[in-house]
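Trainee: I am new to this structure and would like a close look at one part of it, the rings that pair with each other. Please describe them carefully, together with their surroundings.

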Amino acid sequence: MPVRAVLFDVGDTLWHAAEAPPPAEFRRRAAERAAAFLAANGIEGGDPDRLARACWDAMDGAMRAARAGDLVEPDYPAIAAEAAAALGVRLDRGLAAAFLEAIYVSGAEGGKAAYPDARPTLEALRARGFRLGIVTNRAFGGDRFRADLREAGLDIDWDVIAVSVEVGYLKPHPRLFEAALETLGLQPAEAAMVGNSLAEDIAGAQRLGMPAAWKRSRPDADGVVPDFTFDRVSELLDWSLLAEAARVR
């Protein structure tokens, strides 16, 4: 069965934190935005820096626990609201969701930049007839994520974008991969997965019967053997599986 689509992880696969600000700068910006949010919404009594940190740490901790556990995406606004309440700040779920969006430093502002050969490789794969998609673990999806893609020059009119926070499951849970495949109308063997995590991208895809290419990075799992290993995104164009599939229409 020929491969007709290539699905990509994003972080450290297509883009990386090329010039990320130091942690102190992230914290300063988050506190500044938290203060503006509290003022705009008439919320008193909260220290912006403490509040931003508490909500962010709670969200990050919940994601880490989910990744080590059932892989169900946490309800981040509810978790942030609980963290705020512990500091004496009352946020309903809607306000908590808006607060997390307000303090999030993302995209180019957060130092994200596409690898130089990422877009040319995507364009070459599309020219060969492949459909292209994203399968990624992210706590923020929607317009914010799509804007980040545009800023990075990765707005290539993707055929499918499956984000964990939108689907409700984190890689390597099969549901996130399946959501992308269902949108494309393809069987697992008809799509290849590309990512930098052996545990999440490679093992997760292979369990479904998808071939998987690993962008070499620090291994995060033992006993996982990628179908293809590469260092530069453009090396994907030399993967025999994709070269052969490109000739099939």
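Mentor: Rings of Phe, Tyr and Trp (its six-membered ring) form an aromatic pair if their centres lie within 6.5 Å, and the pair is stacked when the planes are under 30 degrees apart, edge-to-face when they are over 60, and tilted otherwise. The model is predicted, with local features needing pLDDT of at least 70 and side-chain atom pairs pLDDT 80 or more, while totals for chains, interfaces and linings use all residues. Residues are numbered from 1 along each chain, and side-chain values use heavy atoms, without hydrogens and water.

A search of the whole structure gives eight aromatic pairs. One of them joins Tyr 104 to Phe 140 in a stacked arrangement, with 4.1 Å from centre to centre and 5 degrees between the planes. This pair bridges distant parts of the chain, 36 residues apart, because Tyr 104 belongs to the loop between H4 and strand E3 (112-114), whereas Phe 140 belongs to the loop between strand E4 (131-136) and helix H6 (142-151); helices (H or I, at least four residues) and strands (E, at least two) are DSSP runs, numbered from the N terminus. Tyr 104 counts as buried because its relative accessibility is 12%, and Phe 140 counts as buried because its value is 6%; buried is under 20% relative accessible area, exposed over 50%, and partly exposed in between, with a 1.4 Å probe and protein chains only. The pair does not stand alone, since ring pairs link Trp 56, Tyr 104 and Phe 140 into a cluster.

Another stacked pair is made by Phe 228 and Trp 239, whose ring centres are 5.3 Å apart and whose planes differ by 10 degrees. Because Phe 228 lies in strand E8 (228-230) and Trp 239 in the loop between E8 and helix H10 (240-245), this pair ties together parts that are eleven residues apart in sequence. Phe 228 and Trp 239 are both buried.

Two members of the cluster also appear at the largest pocket, where Trp 56, Asp 60, Met 63, Tyr 104 and Lys 112 are the closest to the centre among the 41 lining residues. A pocket is an open set of points on a 1 Å grid where a 1.4 Å probe fits, with protein on both sides within 12 Å along at least five of seven lines, and its lining residues have an atom within 4 Å of a point. The space in the largest pocket is about 1400 Å³. Strand E2 (15-17), helix H1 (23-40), helix H2 (48-68) and helix H9 (198-208) each give at least two residues to the lining of this pocket, and H2 has the largest share of it, with ten residues.

The second largest pocket has a volume of about 220 Å³. Among its 14 lining residues, Tyr 76, Pro 77, Ala 97, Ala 139 and Val 165 lie nearest the centre. Two or more lining residues come from each of helix H3 (76-86), helix H4 (93-103) and helix H7 (164-167), and H4 supplies the largest share, four residues.

One further detail concerns helix H1, in which Ala 36 is found. Ala 36 is partly exposed because its relative accessible area is 46%. From Ala 36 to Ile 103 the distance is 9.7 Å, C-alpha to C-alpha, although 67 residues separate them in sequence.

Terms used
Points joined across faces, edges and corners; volume = space filled by probe spheres on them.
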